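User: Hello! I am new to this structure and would like a close look at one part of it, with some of the surroundings explained as well.

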Amino acid sequence: MKKTSRVLSVILSLVMLFSMMCSVNTVSASQQNTSIVSSYDYQLDKTNLSLYIGDSNKLNIIPTTEEITSINWTSSDNSIVKVDNNGNIKALKEGKATVTAKIDDTYELTCSVNVKYPITRKNINLKAGQKVNIGKQKGVTGTLKFKSNNPKIVTINKNGTVQGIKKGNTKVVVSRNGVNILVNISVKTNAEIKSNSKTNKIIILNKRQLSISGKVGKQSYSSSNKKVATVNGKGNITAKKIGKATIKVKTNGITLTYKVQVIRPIIKNVDKKRTISMYVNNGKALKISGRAKGKKNNPYYSFANNKIARYSKGKIVGKKAGRTKLKIKVNGVWQQITVRVLNPTISVSKKNMKVCDTYVITSKGAKGTYTSNNSSVVAVNKKNGKLVAKKAGKAVITVDLKSIKRKCTVTVKEGAYPYGYKIAVNKVPKKINLYKGENKNISDIVNLYSNIQNIYKKKNCSKSMYNKLKNLKTQFTYKSSDNKIAYVNQYGTIVPKAKGEAKVTVTCKKTKKNYTLNTNITIKKKPTWGYVNYLGDRYKMKYVYSDKELVDAFVDAYMNYNLKGYEYPYIGIHCEYNTNVKNETAFYNKIIKLVSVRNATLLDSAMNDHTFERDCLFDLDNGKHDVQNFALNTFTTTEGQKLYSTSMDILKKANLSQYTNVDDKYYAVFDWVATNIKYDDEHAYSYKYSILYKKGVCADYAAAYQYLCLLAGLENRIVDNGDVTHEWNVIKTSSGKWYNSDATSGSIMFGTKDKPYSMYEKLFYVNNFDNHTIEKTNTVFYGIDNNGEIYYKLKDSDKYYKYA
């Protein structure tokens with residue numbers, strides 16, 4: 001191994017020695033076999049050159065030998081130095097560049113070239129009239145040629161002398177040996193012509209003053225057309241004749257010019273077509289600019305048609321609608337305009353209006369007076385033409401414009417509100433207290449007011465508008481500050497939710513005015529009963545807080561106590577809310593109405609057995625006459641309890657649920673009464689208790705029939721023939737109409753077959769209370785003969801149900 005290593009070291013040393021001997025002028029592989037020629041082989045005769053723009057030179061390779069097969073000449077920047085295939089170089093622009101000669105695509109020789117500016121100036125700033133010379137730099141040979149790009153701004157002679165002519169920027173071209181050099185020239189002038197006006201137009205016979213700004217010497221003025229405009233030695237121009245002229249001013253060796261246009265006097269208040277417009281009997285003064293001094297230069301007017309317009313007291317006055325030509329002479333020069341005379345007009349863009357809308361009719365050309373032929377529909381202000389739409393309809397508005405009349409028809413349609421409509425909220429309490437579960441409407445708390453009824457009575461709004469606005473609750477919006485405490489619906493009903501305080505805001509839709517109610521919601525339960533004092537006695541009463549609770553309590557007292565033979569735990573019912581009644585009669589009628597809507601049969605039965613009657617009402621005897629109380633006559637009796645249980649057994653055996661038609665249910669009840677109760681004067685007037693005795697007269701039949709129907713949920717009313725000689729029932733059948741039904745010993749079920757009222761028009765039944773639920777089609781089918789005996793007016797063939 002050691003012997004082999006020594007051999008390898010000797011071989012490597014020989015290789016390195018050979019490489020060093022051959023390294024001269026050999027390009028490495030990374031340089032792609034290219035290197036710079038050393039001084040031992042080829043070289044350029046110049047490696048550094050300093051030239052001026054336009055100079056030429058030649059580069060040579062030394063030594064010259066035939067071994068060179070190709071030379072490639074290049075410049076690093078052809079815009080500065082240009083080189084041809086023979087090594088001839090040309091300096092084109094100031095700067096530096098490198099010229100390279102590549103020999104046989106292997107060896108590179110370089111020469112650095114520095115190109116300099118050959119003339120003394122690159123940029124020149126001078127004033128008009130000033131001269132500046134462009135010379136050669138030291139050492140620059142040859143001839144320079146000069147040329148101005150814009151001789152109007154600057155001139156230059158063959159010696160390179162530049163002279164400023166007028167203000168501006170341009171370039172001077174300097175040619176040297178075929179290469180152009182650009183010199184930037186900026187000419188500023190201290191001599192500038194100015195006038196005392198912004199325009200070069202001068203009205204004839206007027207003057208204009210010229211002046212020269214800056215440091216200038218003597219000036220001389222001249223005019224190109226003295227017939228049009230003259231100028232004196234001080235630059236004062238006088239306009240002589242319509243036309244154009246040029247004023248020249250010579251100073252500091254330069255000439256300045258000022259162009260003048262002489263024009264006619266200017267009439268300012270005419271349009272582009274040189275027309276002036278006015279209305280009949282109106283006048284306008286012409287505004288003429290540029291009138292020269294002296295009476296002879298005063299305007300003179302000549303109208304083609306004096307009937308249309310004429311001149312008076314400094315104004316052109318319109319006499320008649322039309323057009324005419326007007327010639328005007330001012331400053332000795334005539335010119336013509338057109339005079340247009342118009343009739344006065346009115347502008348009515350709003351011929352369709354809505355009630356409560358307003359509009360102002362404007363007139364042009366004359367002040368008018370305004371009248372309406374129908375002021376109830378559209379009223380108009382006589383002086384200013386303001387229209388007010390008052391109600392739906394049509395009206396003709398007449399405008400008198402200085403003997404010229406104009407008319408327009410205005411159509412008015414209904415708007416959102418009638419004219420004169422007022423709506424407000426009055427008597428707003430500072431605070432209201434409500435119990436949870438005690439719903440209350442805003443209308444029960446405050447006074448909602450509007451005058452819509454008076455407006456409708458005066459026929460100032462339609463019926464549809466009246467119907468839309470008469471419900472005051474819908475004319476407001478309602479909002480609660482905290483819906484978790486008190487919610488208010490769209491109809492203004494406050495629904496207490498939880499204990500706390502909330503503000504209810506009532507906003508009028510029309511006026512946008514807000515009214516705020518501070519509500520205090522109490523979470524505790526309302527008392528269900530309490531004591532009231534009356535005439536020195538203390539009574540235990542059932543408390544109710546709304547009309548609905550009143551009816552619920554009434555029904556509960558009668559159905560669950562009186563009918564079952566038990567005494568109601570309270571002597572009566574007390575309304576712990578504002579019933580909005582003024583006396584006992586009003587309160588009695590209110591109860592009758594409320595209960596009859598819920599269950600008229602129950603009310604009829606309660607009144608027939610005197611559980612409730614007119615004398616049951618009483619006030620608190622506090623002088624306020626706030627009637628809120630009524631008593632109920634209920635008693636606990638063994639007989640009453642037996643009656644209830646017996647009656648329920650009867651209905652159970654009748655099995656009314658098996659019938660789908662209500663007429664069959666009536667028949668089943670009627671059948672039991674008619675077949676089980678016997679007519680017996682000795683047991684007369686036991687009424688509903690005849691169910692237990694199974695004996696009685698007509699009043700007992702009727703009472704028993706009604707009692708069973710009431711327990712069965714069927715509608716049944718007791719009626720009589722007027723002199724109380726006979727009583728029977730009326731029932732509401734499946735047809736929805738009321739029909740007579742008599743279960744007395746005659747055993748007649750007059751059910752679903754209607755009879756014309758004309759058959760019995762002389763006989764009437766008497767209802768126990770006037771709620772108009774029974775129509776006049778009810779008929780009496782019993783009559784009384786001259787002997788006072790009862791007889792049937794109906795034939796057997798007219799009977800719907802017939803018993804043997």
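In which loop does proline 63 lie? Please start there and then show me around.

Analyst: Happy to help. Please keep in mind that this is a predicted model. Proline 63 lies in the loop that runs between strand S5 (61–62) and strand S6 (71–75). The peptide bond leading into this proline, from isoleucine 62 to proline 63, is cis, and its omega is near -10 degrees.

To place that loop in its setting, here is the whole chain. It has nine helices and 66 strands, and 41% of its 804 residues are buried. Among contacts with a separation of 6 or more, 54% join residues 24 or more positions apart. The accessible surface is about 45,900 Å², and carbon and sulfur atoms hold 48% of that area.

Another strand offers a good view of a buried side chain. Serine 148 belongs to strand S13 (residues 144–148). Its relative accessibility is 12%, under the 20% limit, so serine 148 counts as buried. A polar atom of the serine 148 side chain lies 2.7 Å from the backbone oxygen of valine 154, and a polar atom of that side chain is 3.2 Å from the backbone nitrogen of asparagine 150. Beyond its neighbours within four places in sequence, serine 148 is in contact with Val154, Thr155, Ile156, Lys171 and Val172.

Back to loops, where two residues have a backbone angle worth a look. Lysine 427 sits between strand S44 (423–426) and strand S45 (431–435). Its phi is near 55 degrees, a positive value in a residue other than glycine. Lysine 427 is exposed because its relative accessible area of 69% is over 50%. Tyrosine 687, in the loop between strand S58 (678–679) and helix H8 (690–693), also is not a glycine and has a positive phi of about 55 degrees. With a relative accessibility of 41%, tyrosine 687 counts as partly exposed.

Tyrosine 687 also leads us to the largest pocket, which holds about 510 Å³ of space. This pocket is lined by 27 residues, and the closest to its centre are Ser605, Asn608, Asp609, Tyr687 and Lys688. Helix H5 (584–608), helix H6 (638–654), helix H9 (698–712) and strand S60 (716–720) each give at least two residues to the lining. H9 supplies the largest share, four residues. Sorted by class, the lining has eleven nonpolar, twelve polar and four charged residues.

Conventions. Residues are numbered from 1 along each chain as its sequence is written. This is a predicted model: local features need pLDDT of at least 70, side-chain atom pairs count only at pLDDT 80 or more; totals for chains, interfaces and linings use all residues. Side-chain values use heavy atoms; hydrogens and water are left out. Buried means under 20% relative accessible area, exposed over 50%, partly exposed in between (1.4 Å probe, protein chains only). A polar contact is a pair of N or O atoms within 3.5 Å; within protein, one must be able to donate a hydrogen and the other to accept it, and residues adjacent in sequence count only if both atoms are side-chain atoms. Contact means heavy atoms within 4.5 Å. On a 1 Å grid over the protein atoms alone, a cavity is a set of points where a 1.4 Å probe fits but cannot get out, and a pocket is an open set with protein on both sides within 12 Å along at least five of seven lines; lining residues have an atom within 4 Å of a point. Grid points are joined across faces, edges and corners, and a volume is the space filled by probe spheres set on the points. Ala, Val, Leu, Ile, Met, Phe, Trp, Tyr, Cys and Pro count as nonpolar, Asp, Glu, Lys and Arg as charged, and the others, Gly among them, as polar. Accessible areas come from the Shrake-Rupley method with a 1.4 Å probe; for residues, only the protein chains shown count as cover.
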